[in-house]
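Please look at the sequence and the model shown here. The report that follows goes through the fold, some single residues and a pocket.

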Amino acid sequence: MRTIRPAWLVGVAIVLAAVSWVGTELTSRASLALPVLPLSSLITMGLISVVCLILGLKVRRWRDGKREKALDPLLAARTVILAQACAYAGAVLFGWHAGILINQLPTIAMRSDLSIIWVMVAHLAGGLVMVAIGVMVERFCKVPPEDNEPGTTTRPKREAQGEEGFA
């Protein structure tokens, strides 16, 4: 399994910003509402982030030596996958709302009600929080290099790039 690459997260955000900018242009020309998620979606984003963080802390606690019970390897693998999904979902949400906000910047001075702008800013912040939690929880799940017992041989180094060990 590969770790999250920050360049991919940035790329996803840029592509989604471009797509949402075009989508906003098209919806504006058709006199439709802005394609912004409702403010209540922040609750869902927050719940996903909290669950990801709780599972990540559980794996980190086990990794750091507090091993009263055995860690289910499937739970650890699912936690890494959830962390990566959380980071990519945050990048998507950030990019989508950034593109809409960029499209709407020229109209801010003409708006009497800025509530939709604040909703977009809240989604941008929520997307950044999801990315941060996803990357952080993925780091929690990394297994430190093993110390070899005296008299054992070292493991051969893998040649694959980007391969990391996870709990």
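A residue is called buried when its relative accessible area is under 20%, exposed when over 50%, and partly exposed in between, using a 1.4 Å probe and protein chains only. The model is predicted, so local features need pLDDT of at least 70 and side-chain atom pairs count only at pLDDT 80 or more, while totals for chains, interfaces and linings use all residues. Residues are numbered from 1 along each chain as its sequence is written, and side-chain values use heavy atoms, with hydrogens and water left out.

**Overall fold**

The chain holds 4 helices and 0 strands. Helices (H or I, at least four residues) and strands (E, at least two) are DSSP runs, numbered from the N terminus. Read from the N terminus on, the order of elements is α-α-α-α. Of the 167 residues in the chain, 32% are buried. Contact means heavy atoms within 4.5 Å. Among contacts between residues at least 6 apart in sequence, 83% join residues at least 24 apart.

**Residues compared by accessibility**

| Residue | Location | Relative accessible area |
|---|---|---|
| Asn103 | helix α3 (residues 73–104) | 10%, buried |
| Thr27 | helix α1 (residues 6–29) | 17%, buried |
| Leu71 | loop between α2 and α3 | 15%, buried |
| Ser31 | loop between α1 and α2 | 67%, exposed |

Asn103 touches Trp21, Thr24 and Glu25, leaving aside residues up to four places away in sequence. With Glu25 there is also a polar contact between the two side chains, at 2.7 Å. A polar contact is a pair of N or O atoms within 3.5 Å; within protein, one must be able to donate a hydrogen and the other to accept it, and residues adjacent in sequence count only if both atoms are side-chain atoms.

Thr27, with the same exclusion of residues up to four places away, touches Leu32, Ala33 and Pro35. Ser31 has a phi near 55°, a positive value in a residue other than glycine.

**Rings**

Arg60 lies over the face of Phe140, 4.7 Å from the ring centre. The rule for a charge over a ring is that NZ of Lys or CZ of Arg is within 6 Å of the ring centre and within 35 degrees of the ring normal.

**The second largest pocket**

What is the volume of the second largest pocket? The value is about 210 Å³. On a 1 Å grid over the protein atoms alone, a pocket is an open set of points where a 1.4 Å probe fits, with protein on both sides within 12 Å along at least five of seven lines, and lining residues have an atom within 4 Å of a point. Points are joined across faces, edges and corners, and a volume is the space filled by probe spheres set on them.

The lining of this pocket includes Lys58, Trp62, Lys66, Leu71 and Leu75. Helix α2 (residues 41–63) gives the largest share of the lining, 3 residues. Leu71 and Lys58 are 13 residues apart along the chain, and their C-alpha atoms are separated by 8.9 Å.
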